[in-house]
Amino acid sequence: MAPLTIIVTGKSSVTHAPERGTLRFSVKGNGPEQDQIAKEVSTSSTNLQKWMKSAFYHWNDDHPEAPLTQFSSTSIKTWTKSTDRNEQPVPNPHHASISFKAVFRDFTKLNQAIEELLVYPKVEIDGLDWSLTDETGSRLASDARKLALRDAIKQADDYSEVLERSVSVVEITDEGMSPYRATHRHMMTATFGGPAGEEDPAPLDLTPQDIDVESQVNVTFKDGSTA
């Protein structure tokens, strides 16, 4: 009897509600004087940091009641663009920006922060991401790997049952997929002072998006005659 080899791919996906919402936003400005713009952006950023921490209680992530678990600046940039796309001089060539990241446990407070930031001077909201805690993500990744292997074994059992042959696992290859994936990612920009008559932007969808934790493995089975 010819030796038998069965190679199958097991897949799984575990869905979980998000536990953290990460809000990314920037304080930006431009004008004719570089020093003045840098100072204005710096002052606005300092005031915004004080407001965020006082309004949302910046505690450590392991504090069970902390609505805001992390808050930090992620980048500081200054640059000059002297001409427009037609190579004509611009009146406000100097730019500055400071970007921030705020991680919320309390999604009601997250929505409140977004509402406030939408009308905060010089602020643009850059994005909103949903995620799990490391502990939950690790646990669900383990569950997903087990389910993927069981899926592969079930497939091999189906084939071997029809063939009336007994097989055993001889090799498992993890595809190395990133197990954490939000079902959606919302990119947002708040724009102020647009042209007259311009329509208001569509309302932001702030509904927390479920997280898919996925796994995929290639599994090789052989019967005893090929061992």
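Read from the N terminus, the elements of the protein chain follow the order β-β-α-β-β-α-β-α-β-β-β, which gives three helices and eight strands in this predicted model. Of the 227 residues in the chain, 34% count as buried.

**Helix packing**

Helix α1, covering residues 34-56, packs with helix α2, covering residues 107-117, and their axes lie 12 Å apart at an angle of about 150°. Because angles over 145 degrees count as roughly antiparallel, α1 and α2 are described as roughly antiparallel to each other. The crossing that these two helices, α1 and α2, make is right-handed.

**Salt bridges**

Side chains of opposite charge can pair when their charged atoms come close. The count of salt bridges in this model comes to five, and the table lists three pairs, including the distance between nitrogen and oxygen for each.

| Acidic residue | Basic residue | N to O distance |
|---|---|---|
| D129 | R24 | 3.1 Å |
| D158 | K154 | 2.8 Å |
| D223 | R165 | 2.3 Å |

The salt bridge of D129 with R24, with its closest N and O atoms 3.1 Å apart, links distant parts of the chain, since D129 belongs to strand β5 (residues 123-131) and R24 to strand β2 (residues 20-31), 105 residues away in sequence.

The side chains of D223 and R165 also meet in a salt bridge, at 2.3 Å from N to O. D223 lies in strand β8 (residues 211-223) while R165 lies in the loop between α3 and β6, so this pair ties together parts that are 58 residues apart in sequence. Are the two partners, D223 and R165, buried or exposed? Both D223 and R165 are buried.

The pair of D158 and K154, by contrast, sits within a single element: the two residues are four apart in helix α3 (residues 134-163), and they are therefore separated by about one helical turn. With a relative accessibility of 34%, D158 counts as partly exposed, and K154 counts as partly exposed as well, at 48% relative accessibility. Both values fall between the cut-offs, under 20% for buried and over 50% for exposed, and this is why neither residue is placed in those two classes.

**Residues with positive phi**

Most residues other than glycine have a negative phi. In this model E87, which is not a glycine, has a positive phi of about 65°, and its place is in the loop between β3 (68-80) and β4 (94-104). E87 counts as exposed because its relative accessibility is 57%, against a cut-off of over 50%.

E164, likewise a residue other than glycine, has a positive phi near 55°. The place of E164 is in the loop between α3 and β6, the loop in which R165 of the salt bridge with D223 is also found. With a relative accessible area of 72%, E164 is exposed, whereas R165 is buried.

**A nonpolar surface patch**

Which residues form a nonpolar patch on the surface? The patch is made of I153, V169 and I172, which together have about 220 Å² of accessible area. Among these residues, I172 lies in strand β6, which covers residues 167-174. I172 counts as partly exposed because its relative accessibility is 48%.

Note on methods:
Residues numbered from 1 in each chain as written. Predicted model: local features only at pLDDT ≥ 70, side-chain atom pairs only at ≥ 80, totals over all residues. Heavy atoms only, no water. Patch = residues over 30% accessible without salt bridge, like charges linked within 9 Å, V, L, I, M, F, W, Y side chains within 5 Å. Areas by Shrake-Rupley, 256 points an atom, 1.4 Å probe, with all protein chains shown as cover. Salt bridge = Lys/Arg side-chain N within 4 Å of Asp/Glu carboxyl O. Buried < 20%, exposed > 50% of the residue type's maximum accessible area, 1.4 Å probe, protein only. Axes fitted to C-alpha atoms, helices over the stretch in contact; angles between N-to-C directions. Parallel < 35°, antiparallel > 145°, perpendicular 65-115°, else oblique. Left-handed = near helix turned anticlockwise from the far one by under 90°.
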